[in-house]
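Q: I would like to learn how to read burial, strand pairing and nonpolar cores in a model. Could you take me through them one by one?

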Amino acid sequence: MPAHLNLGLTAVAFISPQNHPILVRALSGSSDDLLKYHYLAHTSLDVIDERVAAAPKAPAESYLGFLYALEEVAVYGYVTPLKLKIVLALALTDAVVRDADITSIFKALHWAYYRAAANPFLKLHTPLDAATDHVLAIGSPQWTSFRRRVDEVVRAAGALPLDSTP
């Protein structure tokens, strides 16, 4: 990912394969915006499901591209091989947004989730098809590491000041 982008990133959402929100991070800090971005994450699931169903059985690319625009926000989607969904919300502007930049952000966010969830002892007692399979326990070291890594990616994308702390 380039050292510093300025794409107008306003929110990041991670959604489990069972369509449960793992993390919805509104970058403005307003509680009203958090509710708005929860709504955007949930409404994007229908579009993501349609795109995944229409895709070939073994897609080479997980990037779903532009999903829709709503209330001055452009929503982009990404699905990992394990069906984890990542949603980005960008402020609508006249600036050109390159797919390569969005893809690099998605890959960095996917890597952040992978690094946090790659603990071999994480959720050892739950079956793989449980609703909580991909959920990181809030407050756990994995969760803290995951939030920190997401914030690092968001800072690199230019959505948070470089010196801000969560």
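A: Let us begin with a single residue: Ala 117 is partly exposed, because its relative accessible area is 25%, and the classes are defined as buried under 20%, exposed over 50% and partly exposed in between, with a 1.4 Å probe and protein chains only. Ala 117 lies in helix α2, where helices (H or I, at least four residues) and strands (E, at least two) are DSSP runs numbered from the N terminus. The C-alpha atoms of Ala 117 and Phe 146 are separated by 8.1 Å, although the two residues are 29 apart along the chain.

Q: What kind of model is this, and how are its residues numbered?

A: This is a predicted model, in which local features need pLDDT of at least 70 and side-chain atom pairs count only at pLDDT 80 or more, whereas totals for chains, interfaces and linings use all residues. Residues are numbered from 1 along each chain as its sequence is written, and side-chain values use heavy atoms, with hydrogens and water left out.

Q: How many residues of strand β4 are buried?

A: Burial can be read along a strand and then face by face. In β4, residues 73-79, 7 of the 7 residues are buried; Val 73, Val 75, Gly 77 and Val 79 are on one side, Ala 74, Tyr 76 and Tyr 78 are on the other, and both faces are covered.

Q: Which strands pair with β4, and in what sense?

A: Two strands pair if DSSP finds at least two bridges between them. Strand β3 (residues 63-70) pairs with β4 in the antiparallel sense over 6 bridges, and Tyr 63 stands opposite Tyr 78. Strand β5 (residues 85-91) is likewise antiparallel to β4, joined by 7 bridges, with Ala 74 opposite Leu 90. In the hairpin of β3 and β4, with 2 residues between the strands, Glu 71 takes a positive phi near 50°, while the hairpin of β4 and β5 has 5 residues between its strands, and Lys 83 in that turn has a positive phi of about 70°.

Q: Which residues touch the most other members of the largest nonpolar core?

A: In soluble globular proteins, nonpolar side chains tend to be buried together. A nonpolar core is a set of buried Ala, Val, Leu, Ile, Met, Phe, Trp, Tyr and Cys residues joined through side-chain atoms within 4.5 Å. Here the largest core has 26 residues, of which Phe 14, Leu 88 and Leu 109 touch the most other members. Its largest share, 6 residues, comes from α2.
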